[in-house]
Amino acid sequence: MPRRQTLTRTCTHTGCTERGFFEYANQRERRSIESKPWKCVRHTAPNEVLSKDSPERTTVLTLEPFYSRPSTYRPEPEIIGYSWRAEHEASGSGFRYGPGFQVHAEDFPPGTRLIVTARIELPKEQQ
Ligand SMILES: [Zn+2]
């Protein structure tokens, strides 16, 4: 098995020095990684990055059905499971986790909302 190597990329946003680390197994994978411009989360999802001016963020996921693909045997899509999905997500997962919580779809009825809040509290001397 070839040893995986790490490629370091710098965010392509003007003036940004944020770096990302990508693993590759061969030159084809390395070229594929290098062929796409890479931007850090500060420049791809700036409203998700907590800061002193934006110290709290809440995301709501809803337990929604996902359907089978139409086939010869099942021409009409059928519900085959449930997943936690944020409003902007096209797909989700039946199991979600974060620091301090884990949640399984099968433990709750459809339409259940999972509300996740992250909040920064600065030390007193920094406020
Ligand atoms: Zn950046």
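User: How are the donor residues of the zinc ion spaced in sequence?

Analyst: The spacing reads C-x4-C-x23-C-x2-H. This is a predicted model, and the pattern is read from the positions of the donor residues of the zinc ion along the chain.

User: Which atoms coordinate the zinc ion, and at what distances?

Analyst: Coordination is read from the atoms named as donors. Here they are the SG atoms of Cys11, Cys16 and Cys40 together with ND1 of His43, at 2.1 to 2.4 Å.

User: Where in the chain do cysteine 16 and histidine 43 lie?

Analyst: Cysteine 16 belongs to the loop between β1 (5–10) and β2 (19–24), whereas histidine 43 is part of helix α2 (residues 41–44). With their positions 27 residues apart, the pair links distant parts of the chain.

User: What geometry does the site of the zinc ion have?

Analyst: For four tetrahedral donors, the ideal angle at a metal is 109.5 degrees. In this model the angles among the four donor atoms are 101 to 116°, and the site is tetrahedral. The criterion for four donors is that all angles lie between 85 and 135 degrees.

User: Is cysteine 16 buried or exposed?

Analyst: The reading depends on relative accessible area, with buried meaning under 20% and exposed over 50%. Cysteine 16 counts as buried because its relative accessibility is 15%. Histidine 43, at 29%, counts as partly exposed.

User: How many salt bridges does the structure hold?

Analyst: The structure holds ten salt bridges. One of them joins glutamate 18 and arginine 42, with the closest N and O atoms 3.4 Å apart. Glutamate 18 lies in the loop between β1 and β2 and arginine 42 in helix α2, so this salt bridge ties together parts that are 24 residues apart in sequence. Glutamate 18 is partly exposed, at a relative accessible area of 35%, and arginine 42 is also partly exposed, at 48%.

User: Where do glutamate 34 and arginine 30 lie?

Analyst: A salt bridge may be read together with the elements that carry its partners. Both of these residues are in helix α1 (residues 27–34), four residues apart, which is about one turn of the helix. Their side chains meet in a salt bridge at 3.3 Å, N to O. Glutamate 34 is partly exposed at 39% relative accessibility, as is arginine 30 with a relative accessible area of 24%.

User: Which residue forms a salt bridge with arginine 57?

Analyst: The partner is glutamate 48, and the closest N and O atoms are 4.0 Å apart. Arginine 57 has a relative accessible area of 28% and is partly exposed; glutamate 48 is partly exposed at 43%. Elsewhere, Arg4, Glu23 and Glu29 are joined into one network by salt bridges that share partners.

User: Which residues form a nonpolar patch on the surface?

Analyst: The patch consists of Tyr67, Ile79 and Tyr82, with about 290 Å² of accessible area together. Isoleucine 79 sits in strand β4 (residues 79–86) and is partly exposed, with a relative accessible area of 42%.

User: How is the chain divided into domains?

Analyst: Domain 1 covers 5–46 and domain 2 covers 56–126. Their centres, taken over C-alpha atoms, are separated by 28 Å.

User: What separates the C-alpha atoms of arginine 113 and serine 51?

Analyst: The separation is 26 Å, for two residues that are 62 residues apart along the chain. Arginine 113 lies in strand β7 (residues 113–119) and is exposed, with a relative accessible area of 53%.

Note on methods:
Residues numbered from 1 in each chain as written. Predicted model: local features only at pLDDT ≥ 70, side-chain atom pairs only at ≥ 80, totals over all residues. Heavy atoms only, no water. Domains from an automatic or database assignment. Donors = N, O, S within 2.8 Å, 3.2 Å for Na, K, Ca; no water. Tetrahedral: all angles 85-135°; square planar, octahedral: opposite > 155°, others 65-115°. Helix = DSSP H or I, 4+ residues; strand = E, 2+ residues; numbered from the N terminus. Buried < 20%, exposed > 50% of the residue type's maximum accessible area, 1.4 Å probe, protein only. Patch = residues over 30% accessible without salt bridge, like charges linked within 9 Å, V, L, I, M, F, W, Y side chains within 5 Å. Areas by Shrake-Rupley, 256 points an atom, 1.4 Å probe, with all protein chains shown as cover.
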